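Open the structure in your viewer and show it as a cartoon with side chains available. The stops below are meant to be selected in order.

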Amino acid sequence: MRQIYAEWKHFTSGNRKAEGRLIHPLAPCGDLVLFCPGFPGGGATLFEQRFVDRLLEEEYTVCVLRHNGTRLDTPEGQ
């Protein structure tokens, strides 16, 4: 079984917030793949199931954003 290290990270910029699952391979190559799923949800889970293993085999660090503060009841969400 491949060894990885996964952690949840919280990102903040002003009043905007997001969180993501940061997945590190055992021997990272120094590059990061950032996946920003769209709305509605489900894309993050499918991405992890279908692509993360292959990216980790190539020693990429992967960040999959989750719960990125999508709000449809604000002026920005109209």
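How many residues lie between strand 1 and strand 2 in the hairpin they form? Two residues separate the strands, and Gly14 in the turn has a positive phi of about 65°. Keep in mind throughout that this is a predicted model.

**The hairpin strands.** Select residues 4-13, which make up strand 1. Strand 1 pairs with strand 2 in the antiparallel sense, over ten bridges. To see one position in this pairing, pick Ala6 and look across to Ile23 in strand 2, which stands opposite.

**The other partner of the pairing.** Next, select residues 61-66, strand 4. Strand 4 runs antiparallel to strand 2, and five bridges join them. Pick Glu19 here: its bridge partner in strand 4 is Arg66.

**The loop after strand 2.** Move to Cys29, in the loop between strand 2 (16-25) and strand 3 (32-35). Is Cys29 buried or exposed? Neither label applies: its relative accessibility is 38%, so Cys29 counts as partly exposed. Show what surrounds Cys29: beyond neighbours within four places in sequence, it is in contact with Glu58, Glu59 and Tyr60.

**The loop before strand 4.** Now select Glu59, in the loop between helix 1 (43-57) and strand 4. The C-alpha atoms of Cys29 and Glu59 are 5.3 Å apart, although 30 residues separate the two in sequence. Check the backbone of Glu59 as well: its phi is near 70°, a positive value in a residue other than glycine. Glu59 has 35% relative accessibility and therefore counts as partly exposed.

Notes
Residues are numbered from 1 along each chain as its sequence is written. This is a predicted model: local features need pLDDT of at least 70, side-chain atom pairs count only at pLDDT 80 or more; totals for chains, interfaces and linings use all residues. Side-chain values use heavy atoms; hydrogens and water are left out. Helices (H or I, at least four residues) and strands (E, at least two) are DSSP runs, numbered from the N terminus. Buried means under 20% relative accessible area, exposed over 50%, partly exposed in between (1.4 Å probe, protein chains only). Contact means heavy atoms within 4.5 Å. Two strands pair if DSSP finds at least two bridges between them.
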